[in-house]
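Thanks for coming. I'll take one chain today and keep it brisk. Have a look at the sequence and the model first.

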Amino acid sequence: MKTVVINASGGGTDTGISGNGLVEKNVTLEISNIIKNILESKGVNVYMLRSGDKTISYDDRIKDLKNKFPNSKDVIVLSNTLNSGGASGIEIIYALKNKDTLASKLDKNLSYFNNSKYYQLRLPSDTTKDYYYLTRNTPGYETIIVRYGYADNAKDAGIIKNNIEDLASSVADALLDYIGVLDDEGVYIVKSGDTLYSLAKKFNTTVDELKKLNGLTNNSLSLNQKLKVPSNVTSPLPPSDSTSASTYKVVKGDTLYSIAKKFNTTVDEIKKLNNLGSSSLSINQLLKIPTSNLTTYKVLKGDTLYGIAKKFNTTVDNIKAKNKLTNNNLSVGQVLYI
């Protein structure tokens, strides 16, 4: 598994970019710490090039990186930064030597919050080299820079201040998807503070069922332990506080903001309805979705889009549009929104 090295720009006497109540060194460290916690909870090795309010030159950071991780091919370097200059939007810059796979995943997640784009930038004096010092001086590493917005733009600053945790979570989700940590569907990796009782509640099952499924003889859990969780079919929940709700089972690649966008609601509404203290999600986790007309269907062996459309008195095109399908292929266990 790849190691993720996180660079929080600024620090110490280098406050970085400031504007509209944002100070770069503080914002980038906060985002970096959230990403670190999420990745480590999934078993990913993370190293911080700046872990406190320290003045550290980029030469020293690069030296630290190369000393700590000489095998560059197993390392992703993520640099969290802000921008200035009067423009707007999120920018993702990936090194000339790298493919755009990770950059495009980050762009897809971050575009929920603001206009975003990903690109490469060449040094004008030598177009064979990267423009930015960090990408230019980390050959062999997969280095990527995320600029979360323009501090001197009031709209961007507001988006950043109101979505620190979700922005960080969106980046962590993209990294996990890219690394492949979430490939084992149906398996949950135990995090600090987890208990069988809390997990049973999270996955709408019982402690005895979890113990039976995993061959456990007691209630003890260990950090990063892998647990199988029941594959329950989603079903409507009774109305709560006059708000109609249905359940949605989290699948690989889901984030709170992508789910909120899919069901035309908000991250805050989903977090409130499910009493979530953070934006972290786990595969097979059941979420209440605030909607009055949601229908979900889990694909069975032998199902076709035509057969499902007929069953629910709708059309193939409507189902494809609702689920953003580009073809008629289905997989067993896939959840469709009707």
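Which residue of β10 stands opposite I93? I145 does. Keep in mind that this is a predicted model.

Let's stay with that pair of strands. β6 covers residues 90-94. β10 covers residues 142-150. The two pair in the antiparallel sense, over four bridges.

β6 has another partner. Strand β7, residues 116-119, runs parallel to β6, and four bridges join them. One contact to click on: I92 in β6 has Y118 in β7 as its bridge partner. To get from β6 to β7, the chain passes through α3. That β-α-β crossover is right-handed.

Now the side chains. In a regular strand they alternate between the two faces of the sheet. Here, I90, I92 and Y94 point one way from β6. E91 and I93 point the other way. Is β6 buried or exposed? Buried: five of its five residues are, so the strand is largely enclosed by the rest of the structure. Note that E91 is among the buried residues.

Next, the largest pocket. How much space lies in it? About 1,200 Å³. The lining has 36 residues, and the closest to the pocket centre are Y248, V251, K252, D254 and K262.

Where does the lining come from? Six elements each supply at least two residues: α3 (101-110), α6 (164-179), β13 (245-249), α9 (256-262), α12 (316-323) and β16 (335-337). We met α3 a moment ago, as the helix in the crossover from β6 to β7. The largest share comes from α9, with four residues. As for chemistry, the lining divides into twelve nonpolar residues, eleven polar and 13 charged. If you set up a calculation here, those are the classes you will be looking at.

Last topic: backbone angles. Most residues other than glycine have a negative phi. Two asparagines here have a positive one. Phi of N20 is near 55°. N275 has a phi of about 55°.

Where do they sit? N20 is in the loop between β2 (18-19) and β3 (22-23). N275 is in the loop between α10 (267-273) and β14 (286-290). Now accessibility. N20 has a relative accessible area of 38%, so it counts as partly exposed. N275 reaches 71%, so it counts as exposed; the cut-off for exposed is over 50%.

That's my tour. Questions, please.

Notes: Residues are numbered from 1 along each chain as its sequence is written. This is a predicted model: local features need pLDDT of at least 70, side-chain atom pairs count only at pLDDT 80 or more; totals for chains, interfaces and linings use all residues. Side-chain values use heavy atoms; hydrogens and water are left out. On a 1 Å grid over the protein atoms alone, a cavity is a set of points where a 1.4 Å probe fits but cannot get out, and a pocket is an open set with protein on both sides within 12 Å along at least five of seven lines; lining residues have an atom within 4 Å of a point. Grid points are joined across faces, edges and corners, and a volume is the space filled by probe spheres set on the points. Ala, Val, Leu, Ile, Met, Phe, Trp, Tyr, Cys and Pro count as nonpolar, Asp, Glu, Lys and Arg as charged, and the others, Gly among them, as polar. Buried means under 20% relative accessible area, exposed over 50%, partly exposed in between (1.4 Å probe, protein chains only). Two strands pair if DSSP finds at least two bridges between them. A crossover is right-handed if, with the strands pointing away from the viewer, the path from the first strand over the helix to the second runs clockwise.
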